[in-house]
Amino acid sequence: RSNYMDRSPKEILCQLKKTPLKTLTRSDIAFHPVKDYIPKRGLFENKRFNSCAIVASAGALKDSNLGPLIDSHDLVLRFNHAPTKGFEKDVGRKTTIRVLNSQVVTKREFRFLTSDLYKNTTLVAWDPSNYTDSINQWLVKPEFNLFPNYMESRKRDLKSRFFLLNPKSVWDVWDFLQSNSLSRLRPNPPSSGFLGLRLLLPHCVFVDMFEYVPSTRVTKRCHYYDPEDNPACTFGVWHPLAAEKLLTYYINSADDKTVFQRGYVRIPGFKNFNC
Ligand code: NCC
């Protein structure tokens, strides 16, 4: 544990660069039926983007009018079942990648195999493993068994771009957060939000993350697409969300007017640094 403010934003970004968030590969797996369904090609390969946008699903996006700004980015990353239809004015219509937790892939209510939300887009799913479990232990005992739907979805379209995160590297990102935090973090993985940020930083010149660090629009409402109130969504109850957001604000390069009035932080991609 240590105070992140003892290090410069550049030093922290360099440490994050050395903490890869990997997708699961066939060679990570000893014996499991999912092995043959993992795409042979990688998530980004050598693709590079100039501007990238991450749309946190926060209630504060409602009535933000950020849609056109979000859509002006070369790549747009969204989470879980967050919709665009009917919310274009506030969150845009473009989706390049969706990061999904394993509940969304497995629980019936999300209709993963049938909903149009998950079609014709790159998908990256993850499931929390036990900190000390090996990949092969996790494969037989995931928190939510996403493998049947993963295999079924891949079987229906073997050309689809659907990846799984390496659960060990998810914990490496948690270790990174803990080493940049004064308080002891709850032993649960980072939120999909921080995982999405780590996924994009190697491939974008900059990443704009919308309503992740809360702006003056902050609200008790959990999601822009659902009227339910729950302040824990913004400040964290299960994921170490507050630690993620404090650190993200610290490494961001936008001025406070942009962060707190306009509603986004800008994180420079790894390519901007020699480290
Ligand atoms: O709510 P969720 O997150 O889908 O949000 C995606 C990411 O946006 C950021 N966020 C969201 C709401 C808010 N008020 N402020 C925010 O900053 C966070 O970075 C968040 O990660 C998840 O991370 O996968 C999560 O998923 C939900 C839920 O499983 C899915 O939405 C499907 O219903 C989790 N909630 C529950 O399990 C009840 C949430 O803890 C984390």
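**Exercise 1. Neighbours of S1.** Determine which strand 3 bridges join to S1, and whether the two run parallel or antiparallel.

Solution. The partner is strand S2, residues 75-79, and S1 and S2 run parallel. The model used here and in the exercises below is a predicted one. For the register of this pair, take Ile 54, which stands opposite Leu 77 in S2. Next, turn to strand S6, residues 204-210: 6 bridges join strand S1 (residues 49-55) to S6, and this pair is parallel too. Here Ser 51 of the pair has Phe 206 in S6 as its bridge partner.

**Exercise 2. The whole sheet.** State how many strands form the open sheet, and in what order.

Solution. Start with the count: 7 strands form the open sheet. Their order is S5-S4-S3-S2-S1-S6-S9, with mixed pairing. The ends of that order are the edge strands, S5 (162-164) and S9 (264-268), each of which pairs on one side only. From one strand to the next, the twist averages 20°. At the S5 edge, strand S4 (residues 122-126) is joined to S5 by 3 bridges, and the two run parallel. Leu 123 stands opposite Phe 162 in S5. As background, strands of a sheet pair through backbone hydrogen bonds, either parallel or antiparallel.

**Exercise 3. A helix pair.** Classify the packing of H1 and H10 from the angle between them.

Solution. Helix H1 covers residues 9-17 and helix H10 residues 241-251. They pack at an angle of about 120°, and their axes are 9 Å apart. Angles of 65 to 115 degrees count as roughly perpendicular and those over 145 as roughly antiparallel. H1 and H10 are therefore oblique to each other. The crossing of H1 past H10 is left-handed. H1 contributes Pro 9, Ile 12 and Leu 13 to the contact, while H10 contributes Leu 247, Tyr 250 and Ile 251. Sorted by class, this contact of H1 with H10 has 6 nonpolar, no polar and no charged residues.

**Exercise 4. The ligand shell.** Describe the shell around the ligand by residue class and by the elements that supply at least two residues each.

Solution. First, 20 residues surround the ligand, the closest being Ala 58, Ser 191, Ser 192, Gly 193 and Cys 233. Second, the classes are 8 nonpolar, 12 polar and no charged residues. Third, at least two residues of the shell come from each of helix H4 (102-106), helix H8 (192-200), strand S7 (221-223) and helix H9 (232-235).

Technical notes. Residues are numbered from 1 along each chain as its sequence is written. This is a predicted model: local features need pLDDT of at least 70, side-chain atom pairs count only at pLDDT 80 or more; totals for chains, interfaces and linings use all residues. A residue is near a molecule or strand if its C-beta atom, placed from the backbone, lies within 6 Å of it. Helices (H or I, at least four residues) and strands (E, at least two) are DSSP runs, numbered from the N terminus. Ala, Val, Leu, Ile, Met, Phe, Trp, Tyr, Cys and Pro count as nonpolar, Asp, Glu, Lys and Arg as charged, and the others, Gly among them, as polar. Two strands pair if DSSP finds at least two bridges between them. Axes are lines fitted to C-alpha atoms, for helices over the stretch in contact, and angles run from 0 to 180 degrees between N-to-C directions. Angles under 35 degrees count as roughly parallel, over 145 as roughly antiparallel, 65 to 115 as roughly perpendicular and the rest as oblique. A crossing is left-handed if the near helix is turned anticlockwise from the far one by less than a right angle, and right-handed if clockwise. Two residues are in contact if their C-beta atoms, placed from the backbone, lie within 7 Å.
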